[in-house]
Amino acid sequence: MPLIRCLTAPFSLAGLILGLGFFCVSLTPSLLPRMFIMQGLLSGCVFAAGYGIGRALAWLYKYMELQALPEKITRYTSWTVICTLSITAVYTLSRMKVWQNSVRVLMEMPPIDRAYPAEVFLVSVVTAVVLISFFRLLIYWGGRAVAIVNRYMPRRISIVLGTVLFALFLTSFVDKIILKAALDMMDRSFAATNMLLEEKYSPPKNGKLSGSRNSLIDWIDIGRNGKRFISDGPKRQEIERLTGRRSMEPIRVYAGFETGKTLKARARIALNELKRVKGFDRSVLIIATATGTGWLDPSAVDTVEFIHAGDTAIVSLQYSYLPSWLTLMVEPELAQDAATALFKEVYGHWTSLPRDKRPRLYLFGLSLGALGSEFSADLITMIGDPVKGALWSGPPFLSATWKSMTADRNPDSLQWWPVYGDSRTVRFMTQDGFPKAAVGAGWGPLRIIYLQHASDPMTWFSTGLAFHCPAWLSQDRGRDVSSYFRWFPVVTFFQVAFDILASASVNIGYGHNFAPYNYINAWLEITQPVNWSVEDTEKLKAYFADFNPKAL
């Protein structure tokens, strides 16, 4: 079949029916609100997926030589269904404002006046046409490969062999050329962003800070988010003004992406820097695993320094400069390797110190950092000398320990707000705190808290969404999940996948944005500060009430 005829071939009626059905469903709300461009891209992709599935099912039906209905009845029925679905599409487009606002109101976002149905439809059509045309091109070139092989081999063998050879060539081409080129371009772009110098950030004059003249870590090697971490934290005077008690200057150590050639070398430099600034003399020591870009959420690190009057040391290193969602796709083990390297160095020195003269050791990680941090916490290694606790917020869907504990939760607890065992070691926390069943339980010597939101797509995405309804989408769903959100095969998978791209774009306290008051409650539970009152908690929460840091 000539290329032009392949691209302009009539649409499959079965494909149009399923594609239109998928399109209508894609307009319903999911975990996060969507602007018209994102909605259009999503609906276009979903239509193309539905069209492809419908087209494949029609081909399979014909290939199986099953008895077909008379052509006139089939055509009449198909067009009746298509017309009905088209009317349904108009209706669902008109309902977008209601559906999107149902999510926005829950997340304390201003409602939208209109949902731009015409713009959504236009973007969807363009997206669907481009995708369908692309796959038609693939089918065309696959047919050409089969035809070439058929010159030398029987037809059935040539179909199998030609298809396999074309699939191998296409996979290699996409992986080695297209994907590699795209990743290289993004890598260069994010690497340049990582090294950008902002005017307000300059090498610290305090010799005890990372990047100073006395530091083992060069300022230029720390990277953009590392500079923010070192420079923007609360100072001793600020802590004293708020708490009204004598405080210390918090210690922060950060080894940037360029600090060492390997993760092990970077971790060793971070340890030596931590020893140089006497971080092991503090009461609280936190090994913090950063996100993909090297960012550490100030809502988490600033609050714990206030709680402990600056008698803290936080150490971290940068292992990437790509966004977490991208690192999660291409190299998720990088966060695990980085967290493990830093943990081994710090924990190894910590265990060599006398028990009565060393700090209480804690772990922290957000998003991809949570994935890496929980992996580094080898309970077999620590069984004789465990850390005091861990705070892991926004655990991504690949987090093995989180996934295992959620699956093994107590039968009467909810998937998005689970209770694990007797709650003495591990607890799950949302904006509303712990489940009632866990509140009365006492803590054991090791305290682990997972801070998560029911509306966080980074946590709740899974390939299984394409085939079955998850438990977190049951009747007893989180208060920040729209009541209009319904599960649909395949479509929900795409919806939540697209939500990941906008997971940090919503108000703080929802999605993948975690509020300071949540961190304050979690740190108080884990670290148990002395001489801390309810009034101190309320004062600190009021201080951070309008705090809304943005990840870069």
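**Aromatic rings and their neighbours**

Phe135 is partly exposed, because its relative accessible area is 46%, and buried would require under 20%. This is a predicted model, so that value is computed from predicted atoms.

Next comes the partner ring. Phe134 and Phe135 form an aromatic pair. Their centres lie 5.4 Å apart. Their planes stand at 75 degrees, and the pair is edge-to-face. Phe134 is also partly exposed, at 44% relative accessibility.

Now move along the chain to Tyr543 and Phe544. Their ring centres are 5.3 Å apart. The planes meet at 75 degrees, so this pair is edge-to-face; the cut-off for that label is over 60 degrees.

Is each of these two residues buried or partly exposed? Tyr543 has 39% relative accessibility, so Tyr543 counts as partly exposed. Phe544 has 5%, so Phe544 counts as buried.

Tyr543 and Phe544 belong to a wider group. Together with Phe306 and Phe547, they form one aromatic cluster. Across the structure there are 20 aromatic pairs. Phe134 with Phe135 is one of them, and Tyr543 with Phe544 is another.

Rings also meet charges here. Which residue lies over the face of Phe257? Arg266 does, at 5.0 Å from the ring centre. Look also at Trp443. The charged end of Arg427 sits over the Trp443 ring, 4.0 Å from its centre.

Key. Residues are numbered from 1 along each chain as its sequence is written. This is a predicted model: local features need pLDDT of at least 70, side-chain atom pairs count only at pLDDT 80 or more; totals for chains, interfaces and linings use all residues. Side-chain values use heavy atoms; hydrogens and water are left out. Rings of Phe, Tyr and Trp (its six-membered ring) pair if their centres lie within 6.5 Å; planes under 30 degrees apart count as stacked, over 60 as edge-to-face and the rest as tilted. Buried means under 20% relative accessible area, exposed over 50%, partly exposed in between (1.4 Å probe, protein chains only). A charge sits over a ring if NZ of Lys or CZ of Arg is within 6 Å of the ring centre and within 35 degrees of the ring normal.
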